[in-house]
Each structure stands twice: as C-alpha cells, then as structure tokens.
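The following paragraphs guide a reader through a structure that may be unfamiliar. Please keep the sequence and the model in view while reading.

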Amino acid sequence: MVIKARLGAVLLSALVFALPAGITLTLKHQGEQAIAAKVHLQAALTELRIQDALEWRAISDRVPFADVRQELSAARRRGSNQLSKAGSLGLSSAAVDRIVQLSTSYSQAVDEEVRLLSLGQQEQALRFDEDQVDPAFQRILPVVENAGQELERDAQRAQSLSDFGVLLTVLLFLTLVSVVQSRRRRAEVRDQTKRQGEARYRSLINQSSDLVLVVDRGGLASFLSPSAERLFASLSAVPGARQRADVLPVNLISAVDPQDQARLSAALQTSDPGRETDLEVQLTGPQGVLTFALSIQDLTTEPSVGGLVVTAHDITDRLALQGEMEHRALHDPLTGLPNRTLLNDRIEQSLRADVRAGSSTGLLLLDLDRFKQINDTFGHHHGDEVLIQVGPRLARVLRDGDTVARLAGDEFVVLLPNAGVAADLNVIAAKLQAVLEVPFHVEGVELDVEVSIGVVRSGEDGLDASTLLQRADVAMYAAKTQNLGVSLYDAAADGHSPARLALFGDLRRALERGELILLYQPKVCIQTGDVVGVEALVRWEHPERGLVLPDEFIPFTEHTGLIGPLTHHVLDVALAQARQWCDAGRPLPVSVNLSARNLLDVGLPAQVAELLAARGVAPELLHLEVTESAIMTEPVRAQQILEQLAALGVLLSIDDFGAGYTSLSQLKNLPVSELKIDKSFVMTMTEDHSNALIVRSVVDLGHNLGYTLVAEGVETEQALTALAGLGCDVAQGYHLSRPITAAAFDTWRSERAPSRLTANHV
Ligand code: C2E
Ligand code: CA
Ligand code: CA
C-alpha cells in the first residue's frame with residue numbers, strides 16, 4: 001500500500017517536472033530551428049543575387065542565352081529548395097508564400113527580358129529591365145529582410161520563454177521539496193508523539209525549523225518550540241507590539257495580523273481529532289510581513305499533549321517567488337515593462353471602456369532605429385541598458401493611466417486610453433521622439449538613439465487589439481522606410497551639435513595624441529603591374545591594447561559623433577602623405593574611406609576642399625570610398641554630397657560592392673568612377689562557382705557602365721590570374737601586400753620589378 005502510494009507520488013512528481021522541462025526543451029529547439037531557418041533564408045537570398053547577376057550577364061551579351069537560362073533555372077531550383085527548408089524550420093507560410101510569389105514575378109520578368117535579348121531587341125530589353133525586372137527584384141528584398149527579422153524575433157521569444165521554463169522547473173522543484181519535507185516532518189511529529197511520548201517529541205521539534213506550538217481553543221500557548229520562541233520574541237521587538245512573547249502565555253490569535261484573527265480563531269474552535277486543518281496567516285515581524293502555512297492537529301484527547309498542535313511553516317519566500325513568477329508571465333524580464341500579453345489585456349480593457357464612454361484608444365508603436373548597431377558595437381550590455389532606460393523616459397511625458405509595454409527587441413508600445421483626436425496623438429508622438437533623442441548615457445558612453453513611431457487610433461484604425469497593433473506596425477514601418485519618424489523632429493535639433501559629440505575619453509584622446517595612424521595598401525594594375533594607388537587604412541596604436549583594427553572602433557565613432565573628427569584627421573594625414581609622394585616626384589592617388597555618417601554631413605565637401613588646398617594636393621589624387629549601404633541610408637542627401645565632392649574633382653568609389661542590397665542599376669545616376677568588388681566574393685572565387693559568377697558579372701556590367709573595376713581581397717596567385725582572365729582592372733589584397741606603413745610602402749615600391757605582373761599575367 002505504502003509502496004504503491006510512494007510510487008504514485010514519484011510518478012506524479014516526475015510528470016510535474018517532465019512537463020515544464022519538456023516544454024523548455026521544445027522551446028529551445030524551436031529557437032534553434034528559427035536560427036537555422038534564417039540561414040536557409042539567407043542562402044535563398046544569395047540565389048536571388050545570383051539570378052540578378054546572371055540577368056546582367058545576359059545583358060552584357062557575353063554568354064550564350066542557353067547557358068544563362070540553364071544557370072537561371074539551377075539558381076531558382078536551389079533558391080526554392082532553400083526557401084522550403086526555411087519553411088519547414090519555422091518560417092511562416094505567409095512569408096514563404098509571399099517570397100515565392102514575388103520571386104515568381106521576378107523570374108517571369110527575367111525570362112521575358114532574356115527572350116527580348118535573344119530576339120536581338122537590346123533596347124526594349126534594357127527598358128524592360130529598368131521598368132519591370134529591377135523593381136521586381138527590389139520588391140523581394142524588404143520582404144526577405146522582414147522574414148529574417150521575424151525569424152530572429154521567433155528565436156528570441158523562444159529563448160526567453162525557455163529561460164522562463166527553466167525558472168518554472170526549478171521553482172516547481174523547490175515547492176515540491178518543501179511540501180514533501182513539511183508533510184514528512186508533520187507526519188513524523190504526529191507519529192513520534194503518539195508512539196514515544198513527550199521527551200522524544202520535544203527533541204524532535206527542537207530541531208525542526210518549522211514552528212510548533214501547543215495551544216488551547218482560545219489560542220493560548222502552553223508550549224513553544226525554540227524556533228517559535230525566537231519568532232515571538234522578535235515580534236515583541238516590533239514597535240507597538242501587541243504582546244511580550246519571551247514569556248508564556250503567548251496568544252497565537254492576537255499575534256497574527258488583525259485581518260487573519262477571526263479565521264484562525266474559528267479554525268481553532270472547530271478543529272476535531274479526526275482531521276487536520278490547514279490555513280495561511282500573516283504575521284508582522286521586524287523584517288516585514290511573513291506568511292505562514294499553519295496546520296492544526298487536534299490532540300486534545302492525547303494525554304501526553306492535551307492541546308491543539310499547530311505547526312507553522314514560513315512560506316514568505318515561496319510566495320514572493322510565486323508572485324515574481326506571475327509578474328514575469330506578464331512583464332518583460334529585462335525592462336520590467338508590461339509584455340505583449342498584459343498589453344493585449346489592457347488594450348482590450350481600454351477598448352471596452354471606449355464603448356461605454358464613447359472615447360477612443362491611441363496606440364503608438366515605437367521602433368528604435370539602427371539599434372542593432374549599438375549591440376554590435378558595444379555589446380549587448382550597452383544595448384540592454386538603453387532598452388532599460390527607454391521605459392522610464394517615455395513615462396515622463398505620459399499620464400498615469402497610460403501604459404508603456406515592450407513587445408520585443410527594440411519595439412515598444414504606448415497605450416493611451418481615452419485619447420483625443422489624431423492630431424493630439426501626433427503631438428504626443430513628437431514628445432516621445434524628443435525625449436528619446438536626448439543621448440543615453442551608459443557607463444560613460446554617450447549613445448544616440450532615434451526612433452520611428454507608428455500611430456493608430458481605435459475606431460477608424462481598428463476595433464480589436466491585434467488589428468490595431470498590426471496597423472501600428474505598418475505605420476511604424478512606413479515612418480522608418482520613408483524617414484518620417486525623423487521628419488517630426490525639429491531639424492535644428494538633429495545633426496551635429498557639439499553636445500552630441502561623444503565623450504569617450506580614450507578615443508578622443510587618441511585623436512589628440514596622434515594614436516591614430518594610417519597604413520597604406522597598394523592597388524596594382526592587373527595588366528601592367530603598375531602601382532596605381534593606395535588605400536589608407538586607419539589603425540589605433542593603443543598604449544595598452546596594441547594595434548587596434550578599425551572594425552573595433554569605427555562603428556563606435558559612428559555612434560558617438562566622433563566619426564567627423566576621425567575622418568577629418570584621416571583625410572589630413574592621407575593628404576599630407578600624398579603631398580610627400582608628390583614632392584618625391586612619385587605622385588600617387590590615395591583612397592580614403594568615408595562612413596555612412598560622413599555622407600549625412602553637409603559640411604563635408606567644404607572640409608575636403610579646405611584640406612586639399614591646405615596640403616596643396618590636386619583633387620584627382622584623392623579617392624573617396626563609400627559603401628552602397630552608406631548611400632542607401634539617406635539616398636537623397638548622400639547623392640547631393642557625392643555630387644558636390646565630384647564637382648571638386650575628387651574621384652569616388654563604391655566600396656564592398658555586392659555585399660549590400662543595391663543592384664547596379666541603382667548606382668548609375670551617381671558620379672562614381674570606380675567599383676570595388678567586395679572581398680568576400682574575390683577571396684573565394686577560385687573555389688566557389690557562384691561567387692566567381694558574381695565577380696564575372698560585376699566586372700562585365702561595371703565595364704559596360706564605364707567603371708574601373710577593383711578586386712579587393714586578392715589573396716592568391718590563382719585569384720589574380722582568374723581576375724586577369726575576366727578583364728578586371730585593378731587588384732588589391734594580401735597577395736600583393738598587406739596594409740603597411742608609408743615607409744614600408746616606399747621600400748616595397750622601390751624594390752618591386754615594375755613588369756612582374758605583366759610577365760605573369762598578360
Ligand atoms: P575596407 O574599406 O573594405 O578595407 C579593406 C579591408 O580589407 C582592410 O581591412 C584590409 O586590411 C583588408 N584586406 C585587404 N586585402 C585583404 C586580403 O587579401 N584578404 C583579406 N582577408 N583582407 C584584406 P581593415 O584595414 O581592417 O579595414 C576594415 C574596414 O575598416 C575597411 O574596410 C573600412 O571599411 C574601415 N576603415 C578602415 N580605415 C578607415 C577610415 O579611415 N575611415 C573609415 N570611415 N573607415 C575605415
Ligand atoms: Ca575601402
Ligand atoms: Ca572594401
């Protein structure tokens with residue numbers, strides 16, 4: 001019988017643990033699947049890129065159409081395989097369907113273009129490409145990007161839920177252990193009492209951490225275990241204590257908090273030997289309110305006891321944990337803000353109130369811009385700190401009944417019950433924007449955060465929580481992509497006020513002390529072997545850390561406003577070096593990298609002109625490299641600045657071409673003369689067929705559009721030979737030289753047999 005019961009208990013507890021543990025593991029697995037799905041999605045995107053490249057090859061007319069068609073259909077097949085893998089691993093079928101649908105339209109457009117080309121209708125084909133094919137391609141990219149973000153959110157959600165599951169399992173374990181222990185102790189007290197009389201009973205309860213009292217029906221104690229004595233003694237230390245407890249008699253009823261006294265008294269009055277009574281009561285001790293689980297056993301008929309045995313188990317901590325669990329289920333663990341569940345509740349509640357009062361509810365969905373860069377640059381700790389500070393900041397401009405919730409990642413929602421008209425919501429949105437625009441301080445670092453806000457109002461925009469949230473998301477997305485979120489700002493407050501320049505002491509001091517130095521990496525003409533230029537690459541000679549690479553600090557400067565001074569410094573040093581080479585009779589163009597932030601700086605062209613004049617360097621000896629993504633951040637402003645730079649006579653290059661989302665046709669209106677093929681394609685082109693294909697296509701098409709083609713990341717002789725075969729103009733990479741100091745470069749240049757490349761490769 002006993003064994004059976006034990007077995008049952010064991011099975012039950014196994015089940016109790018298996019459930020949350022199983023759910024936890026499942027969630028973890030789901031998270032991993034979402035990540036895997038994202039990898040496949042990325043691979044599908046690569047296949048699309050290959051199609052883009054193939055289509056351009058068809059235009060450049062260097063390959064038989066049959067080959068193009070064959071390669072196209074292979075890439076499509078691979079792409080759709082990857083996509084269905086992503087689907088089977090958790091990418092929503094809506095996303096899969098949408099991508100398939102858009103890809104199909106794109107494929108049809110490409111097929112039509114190839115058909116026109118094969119009929120020799122070159123011009124129609126080009127026009128068709130511009131009007132149909134390219135837009136079809138561009139339509140796919142944001143959908144893929146969104147799908148990627150969706151998967152990332154899934155992964156994050158699964159992760160935090162599985163963390164929660166771990167907590168739940170541990171908590172269940174603790175609860176079970178404590179229940180089992182206190183049951184066992186109680187049972188032992190009872191058995192021992194009955195069998196062995198008072199002496200052993202006393203020694204047992206002396207050791208128990210539970211409180212044991214023997215009281216009469218009026219609550220008056222005739223016995224206190226040592227732990228109970230300690231507790232009652234501490235109660236008497238509480239100001240306004242109701243009784244002194246270090247000496248009997250102690251009355252249990254008057255010791256508990258007033259609201260529980262009647263219940264306790266009733267339980268003592270009505271208990272009888274046949275059953276055990278359980279109840280919870282609160283006591284106020286010096287450390288605050290304690291909650292006890294009481295169990296009352298009627299041993300009034302037992303001669304050795306002659307009273308009611310009350311065992312009291314302190315469950316304060318357990319209740320606190322339980323409360324925390326409930327809180328956790330409704331709040332975001334990082335920021336403590338309400339989560340989506342609680343937000344939904346509150347929205348529904350507010351909507352119901354609207355119906356009664358004829359009011360309406362406002363929802364503002366906020367999404368921080370480029371927040372990922374903060375994480376990538378400073379690590380998650382800084383990102384987390386920013387997220388934590390967002391809620392309190394928003395609350396400052398809100399009313400008491402408003403809710404700030406965190407949906408996921410860097411997405412927040414502000415719920416405004418009883419909101420006014422749409423114009424009022426706009427005013428509030430502007431206030432929220434303004435309060436987030438003040439730089440965040442995290443451990444001495446000043447971080448700029450901007451936000452895009454989507455605004456909806458119940459009634460006109462929807463009648464239930466999910467519709468409203470979804471539409472707020474759409475509005476937010478529009479604000480983000482069209483930069484409307486920023487346009488609500490006071491333009492004067494945006495930009496480059498000195499206050500926004502960061503105070504990251506180290507790097508600023510580095511600039512002042514000349515710890516930032518330049519290395520130069522040669523660019524070599526593939527046909528002749530001549531050195532046709534150098535790229536200036538910045539290094540930080542850190543007094544403790546040694547040589548720090550730009551990837552470690554450039555992104556940081558972009559966030560802290562230091563990129564302006566840094567670029568100014570690099571330009572100045574590079575131009576001084578160019579001047580030296582001129583003076584030595586061996587003039588050489590020098591390339592300097594610009595950051596996305598530099599392309600937002602309307603003062604840049606004037607600065608460049610000034611530096612050129614100050615160093616006395618001809619503008620054509622300066623090349624400026626910008627990435628496609630830097631241009632695409634704010635295309636209109638970037639284009640204006642690039643045009644002003646080109647007007648100075650400075651040459652412009654597109655850096656890391658192929659790594660971003662732009663297609664070549666989007667670049668054709670820019671005053672650019674050079675394309676640098678991203679090193680990720682060049683480094684692998686001799687092993688990876690699809691990368692070789694991309695390099696070939698970019699070279700072909702780039703030439704058709706009149707650009708000079710530079711291959712970066714040339715690490716091997718084979719790559720150089722392959723590039724020579726493709727007709728690429730210039731090579732840069734470790735195979736020729738690593739970035740080196742100006743002095744080392746001078747030696748390298750003078751020791752170099754000028755016709756070495758020519759002999760090998762032409
Ligand atoms: P980037 O403009 O693409 O510069 C080329 C990077 O590729 C350099 O890394 C260079 O050392 C590396 N590289 C050159 N040849 C090879 C090769 O054969 N194989 C491989 N694996 N890598 C090669 P570095 O110097 O670490 O610079 C990284 C990035 O930092 C640059 O990429 C550029 O975007 C940025 N950067 C460097 N200097 C500056 C600067 O003065 N201002 C700004 N705004 N950005 C800079
Ligand atoms: Ca570069
Ligand atoms: Ca590059």
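**A guided reading of the model**

A polar contact of 2.4 Å links the side chain of D298 to that of T300. The model in which this contact appears is a predicted one. D298 belongs to strand β4, which covers residues 288-299. With a relative accessible area of 4%, D298 falls under the 20% limit and is therefore buried. Its side chain also makes a polar contact of 2.9 Å with the side chain of R217. When neighbours within four places in sequence are left aside, D298 is in contact with R217, S271, D272, P273, G307 and L308. Between D298 and V310, which are 12 residues apart in sequence, the distance from C-alpha to C-alpha is 8.7 Å.

One of the contacts of D298, S271, deserves its own description. S271 is found in the loop that runs between α7 (258-270) and β3 (276-285). Its relative accessibility is 4%, and S271 accordingly counts as buried. Not counting residues up to four places away in sequence, S271 touches R217, T277, I296, D298 and L308. R217 thus appears among the contacts of D298 and also among those of S271.

The view may now be widened to the whole chain. The chain has 762 residues, of which 47% are buried. Its secondary structure consists of 25 helices and 20 strands. Of the contacts between residues at least 6 apart in sequence, 66% join residues that are at least 24 apart. The chain exposes about 35700 Å², and carbon and sulfur atoms supply 55% of that area.

Attention turns next to ligand 1. Which residues come nearest to ligand 1? Of the 23 residues around this ligand, they are Q521, R539, D655, E715 and Y734. The shell divides into 10 nonpolar, 5 polar and 8 charged residues. At least two residues of the shell are supplied by each of β13 (531-542), α16 (550-560), β17 (651-657) and α21 (679-684). The largest share, 4 residues, comes from β13.

Three side chains place polar atoms beside oxygen atoms of ligand 1. For R539 the distance is 2.9 Å, for N593 it is 3.0 Å, and for K679 it is 3.1 Å. The protein covers 89% of the 800 Å² of accessible area that ligand 1 has on its own.

N593 also leads to the calcium ion that is ligand 2, as one of its protein donors. The donors of this ion are E535 (OE), N593 (OD1), E625 (OE) and D655 (OD), at 2.0 to 2.2 Å. Along the chain they follow the spacing E-x57-N-x31-E-x29-D. E535 lies in strand β13 and E625 in strand β16 (residues 622-627), so this pair ties together parts of the chain that are 90 residues apart in sequence. Both E535 and E625 are buried.

A second calcium ion, ligand 3, has as its protein donors D655 (OD), D656 (OD), E712 (OE) and E712 (OE). These donors lie 2.0 to 2.9 Å from the ion, and their spacing along the chain is D-D-x55-E. Which residue bridges the calcium ions that are ligand 3 and ligand 2? It is D655, and the ions it bridges lie 3.9 Å apart. D655 has a relative accessible area of 7% and is therefore buried, being under the limit of 20%. D656, at 24% relative accessibility, counts as partly exposed because this value is between 20% and 50%.

Two further residues invite a look at the backbone. Most residues other than glycine have a negative phi. N418 is not a glycine, yet it has a positive phi of about 55 degrees. N418 lies in strand β8, residues 411-419, and is exposed, with a relative accessible area of 54%. E443, likewise not a glycine, has a positive phi of about 45 degrees. E443 is located in the loop between β9 (440-442) and β10 (445-447). Its relative accessible area of 60% is over 50%, so E443 counts as exposed.

Definitions and conventions. Residues are numbered from 1 along each chain as its sequence is written. Chains are lettered from A and ligands numbered from 1 in the order in which they are written. This is a predicted model: local features need pLDDT of at least 70, side-chain atom pairs count only at pLDDT 80 or more; totals for chains, interfaces and linings use all residues. Side-chain values use heavy atoms; hydrogens and water are left out. A residue is near a molecule or strand if one of its heavy atoms lies within 4 Å of it. A polar contact is a pair of N or O atoms within 3.5 Å; within protein, one must be able to donate a hydrogen and the other to accept it, and residues adjacent in sequence count only if both atoms are side-chain atoms. Accessible areas come from the Shrake-Rupley method with a 1.4 Å probe; for residues, only the protein chains shown count as cover. Ala, Val, Leu, Ile, Met, Phe, Trp, Tyr, Cys and Pro count as nonpolar, Asp, Glu, Lys and Arg as charged, and the others, Gly among them, as polar. Donors are N, O and S atoms within 2.8 Å of the metal (3.2 Å for Na, K and Ca); water is not among the atoms, so sites may look incomplete. Buried means under 20% relative accessible area, exposed over 50%, partly exposed in between (1.4 Å probe, protein chains only). Contact means heavy atoms within 4.5 Å.
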